[in-house]
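Please read the points below with the sequence and the coordinates open beside you. They are arranged by region, and each can be checked on its own.

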Amino acid sequence: MARDVREHAPARPTVQKVALAAAAVFALIGVLGFVPGITTHYGEMTFAGHHSEAKLLGVFQVSVLHNLVHLLFGLVGLVMARRLAGARVFLAGGGALYLVLWLYGFAIDRDASANFVPVNDADNWLHLFLGFGMLAAGLLLNNNLGTGTRVEAPFDRP
């Protein structure tokens, strides 16, 4: 009699699920940045630079380059999240990268050529949130959390 392989397939660790979800959202955001109506002032979008007046959801300043970066970051994340180590690197490394981008967004003059991937205040706060959230997920999610197996260091024991 044939065995059903699906019954014995191990559950995907939570860190991989979170990485897959984050990567999918980044890819989706990259695509939505090219959709008129979801991106306001779509006709004023430039390839790069702070002169782009296009705003995703009417809030986040975007350009063609900004959208392509999100799309590429999401696609890379989808590939990396297929493996446990890749999921951790995507989340922790991406979180660190977003924290650097947050600092960069506050350090630059928004009207200067240094703002080549346009950022505004909404982008900066989102980068801070994403940075800490992704970094925490990549570093703190346990390999066995959510798999139905025992966590290595339970809180109820020394």
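1. R12, leaving out residues up to four places away in sequence, touches K17 and L20. This arginine is found in the segment before α1, and in this predicted model its relative accessible area of 41% makes R12 partly exposed. R12 also has a distant partner in sequence, since L84 is 72 residues away along the chain, while the two C-alpha atoms are 8.8 Å apart in space.

2. For the chain as a whole, there are 4 helices and 3 strands, and from the N terminus on these elements run in the order α-β-β-β-α-α-α. Of the 158 residues in the chain, 35% are buried. The accessible surface comes to about 9,500 Å², with 69% of that area belonging to carbon and sulfur atoms. When one considers the contacts between residues at least 6 apart in sequence, 58% of them join residues at least 24 apart.

3. How do helix α1 and helix α2 pack, at what angle and with their axes how far apart? Helix α1 covers residues 14–32 and helix α2 covers residues 64–80, and they pack at an angle of about 155° with axes 7 Å apart. An angle over 145° counts as roughly antiparallel, and α1 and α2 are therefore roughly antiparallel to each other. The crossing in which α1 passes α2 is left-handed.

4. The residues that form this helix pairing can be listed from each side. From α1 come L20, A23, A24, F26, A27, I29, G30 and V31, and these meet N67, H70, L71, F73, G74, L75, G77 and L78 in α2. Sorted by class, the contact of α1 with α2 has 11 nonpolar and 5 polar residues, and no charged residues. L20, listed here on the α1 side, is also one of the residues that R12 touches.

5. Two residues in loops deserve a check of their backbone angles, given that most residues other than glycine have a negative phi. H41, which is not a glycine, has a positive phi near 55°; H41 lies in the loop between β1 (39–40) and β2 (55–56), and at 48% relative accessibility it counts as partly exposed. L57, likewise not a glycine, has a positive phi of about 60°; L57 is found in the loop between β2 and β3 (60–61), and with a relative accessible area of 57% it is exposed.

6. Is D123, an acidic residue placed in helix α4 (residues 121–140), buried or exposed? D123 has a relative accessible area of 3%, and because the limit for a buried residue is under 20%, D123 counts as buried. Apart from its neighbours within four places in sequence, D123 is in contact with F60, Q61, H66 and P118. Of these, F60 and Q61 correspond to the residue numbers given for β3, while H66 falls within the range given for α2.

7. L141 is found in the segment after α4, and at 17% relative accessibility this leucine counts as buried. Not counting residues up to four places away in sequence, L141 touches T14, V15, V18, R88 and A136. One of these partners, V15, is 126 residues away from L141 in sequence, yet their C-alpha atoms are 5.7 Å apart in space. T14, V15 and V18 fall within the range given for α1, and so the contacts of L141 include residues of that helix.

Key: Residues numbered from 1 in each chain as written. Predicted model: local features only at pLDDT ≥ 70, side-chain atom pairs only at ≥ 80, totals over all residues. Heavy atoms only, no water. Axes fitted to C-alpha atoms, helices over the stretch in contact; angles between N-to-C directions. Helix = DSSP H or I, 4+ residues; strand = E, 2+ residues; numbered from the N terminus. Parallel < 35°, antiparallel > 145°, perpendicular 65-115°, else oblique. Left-handed = near helix turned anticlockwise from the far one by under 90°. Contact = heavy atoms within 4.5 Å. Nonpolar A, V, L, I, M, F, W, Y, C, P; charged D, E, K, R; others polar. Buried < 20%, exposed > 50% of the residue type's maximum accessible area, 1.4 Å probe, protein only. Areas by Shrake-Rupley, 256 points an atom, 1.4 Å probe, with all protein chains shown as cover.
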